[in-house]
Amino acid sequence: MQTSLPHTANGEQELISAAQQGDVGAYRKLYEAHISAVYGLACRLVSDRTAAEDVAQEVFIRAWKDLRRFRGDSRFATWLHRICSMTAISHLRRQRGWLKRVALGDEHIPEIIAVESGEDDLDVHIKRLPERARIVFVLYAVEGYRHEEIAELCGMAVGSSKAQLHRARQLLQEWLNDE
């Protein structure tokens with residue numbers, strides 16, 4: 001359930017300040033206001049609803065622990081999205097070994113998820129992208145990160161980020177034209 005925050009940036013700032021002082025109710029309101037966006041980003045990055053739920057939970061646990069460090073240099077939503085991106089990437093790195101042991105192999109997982117969830121075509125195709133291309137595409141095209149930021153988050157060169165974005169766009173265009 002998404003709850004709306006007070007209609008001003010000051011209203012959100014008041015909730016953040018209260019939460020930084022340990023007000024769990026204020027943090028709950030921040031959580032309710034931002035969970036949908038965090039879950040959506042996690043879903044696009046990890047390409048699995050159950051894993052996205054785990055990532056979103058971990059994001060809000062980390063945010064609660066680090067909330068005192070939030071200085072307001074960026075919007076709270078931007079700060080959460082950065083935590084989500086890092087958490088999702090860490091999750092994917094931890095899962096690589098597990099995926100290799102699964103009988104299906106990771107190239108079939110996005111297809112299975114799409115069939116079970118009834119998602120729209122673009123989401124289905126984004127989930128079909130190879131992992132690195134999907135991450136770069138979502139961070140760049142959907143979330144608005146710059147290649148330098150993506151490179152830092154993912155531990156890759158800026159040129160690799162650009163190449164992965166190009167690859168993602170080519171594949172998506174190809175798949176969408178085939179329909």
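Me: I have the structure open and would like to start from the outside. What does the accessible surface of the chain come to, and what share of it belongs to carbon and sulfur atoms?

Reply: Happy to start there. The chain has an accessible surface of about 10200 Å², and carbon and sulfur atoms hold 49% of that area. Please keep in mind that you are looking at a predicted model.

Me: Thanks. How many of the residues are tucked away, as a percentage of the chain?

Reply: The chain has 179 residues, and 45% of them count as buried.

Me: Now the fold. How many helices and how many strands are there?

Reply: You will find 9 helices and 0 strands. Reading from the N terminus, the order is therefore α-α-α-α-α-α-α-α-α.

Me: What share of the contacts joins residues 24 or more positions apart?

Reply: Take the contacts in the chain with a separation of 6 or more: 64% of them are between residues 24 or more positions apart.

Me: Let me turn to charged side chains. How many salt bridges are there?

Reply: The count is 9 salt bridges. A good one to begin with joins glutamate 143 to arginine 44, whose closest N and O atoms are 2.8 Å apart. This pair links distant parts of the chain, with the two positions 99 residues apart in sequence. Glutamate 143 sits in the loop between helix H7 (131-142) and helix H8 (147-154), while arginine 44 belongs to helix H2 (residues 24-46).

Me: Is arginine 44 buried, partly exposed or exposed?

Reply: Partly exposed: its relative accessible area is 23%, and the buried class is reserved for values under 20%.

Me: Which other salt bridges could I look up?

Reply: Try arginine 69 with aspartate 66, where N and O are 3.4 Å apart. Arginine 69 has 61% relative accessibility, so this residue counts as exposed. Its partner, aspartate 66, is partly exposed at 25%. Another salt bridge joins glutamate 149 and arginine 146, at 3.6 Å from N to O. Glutamate 149 is partly exposed, also with a value of 25%.

Me: Which residues are linked in a network of salt bridges?

Reply: Look for Glu58, Arg62 and Arg94, which are joined in such a network.

Me: What about cysteines? How many disulfides does a search find?

Reply: First the general idea: a disulfide covalently bonds the sulfur atoms of two cysteines. Here, a search of the whole structure gives 0 disulfides. Two cysteines are still worth a look. Cysteine 84 is buried, at 0% relative accessible area, and cysteine 154 counts as buried at 8%.

Me: Next, the aromatic rings. How many aromatic pairs are there, and how do I read one?

Reply: In general, you describe a pair of aromatic rings by how far apart the centres are and by the angle of the planes. The whole structure holds 6 aromatic pairs. In the pair of tyrosine 27 and tryptophan 64, the centres are 4.8 Å apart and the planes meet at 55 degrees, so the pair is tilted. Because tyrosine 27 lies in helix H2 and tryptophan 64 in helix H3 (residues 49-66), the pair ties together parts that are 37 residues apart in sequence.

Me: Are tyrosine 27 and tryptophan 64 buried or exposed?

Reply: Tyrosine 27 counts as buried, at 10% relative accessibility, whereas tryptophan 64 is partly exposed, at 34%. Another tilted pair is formed by phenylalanine 70 and tryptophan 79, at 5.1 Å centre to centre and 50 degrees between the planes. Both of those residues, phenylalanine 70 and tryptophan 79, are buried.

Me: Which rings are linked into a cluster?

Reply: Ring pairs connect Tyr27, Tyr31, Phe60 and Trp64 in a cluster.

Me: Which residue lies over the face of tryptophan 175?

Reply: That is arginine 128, placed 3.9 Å from the ring centre.

Me: One last stop, the backbone. What is notable about the phi of serine 47?

Reply: Serine 47 has a positive phi, about 65 degrees, although this residue is not a glycine. You can find serine 47 in the loop between H2 and H3. With 3% relative accessibility, serine 47 counts as buried.

Technical notes:
Residues numbered from 1 in each chain as written. Predicted model: local features only at pLDDT ≥ 70, side-chain atom pairs only at ≥ 80, totals over all residues. Heavy atoms only, no water. Helix = DSSP H or I, 4+ residues; strand = E, 2+ residues; numbered from the N terminus. Buried < 20%, exposed > 50% of the residue type's maximum accessible area, 1.4 Å probe, protein only. Contact = heavy atoms within 4.5 Å. Areas by Shrake-Rupley, 256 points an atom, 1.4 Å probe, with all protein chains shown as cover. Salt bridge = Lys/Arg side-chain N within 4 Å of Asp/Glu carboxyl O. Disulfide = S-S within 2.5 Å. Phe/Tyr/Trp six-rings, centres within 6.5 Å; stacked < 30°, edge-to-face > 60°. Lys NZ or Arg CZ within 6 Å of the ring centre and 35° of its normal.
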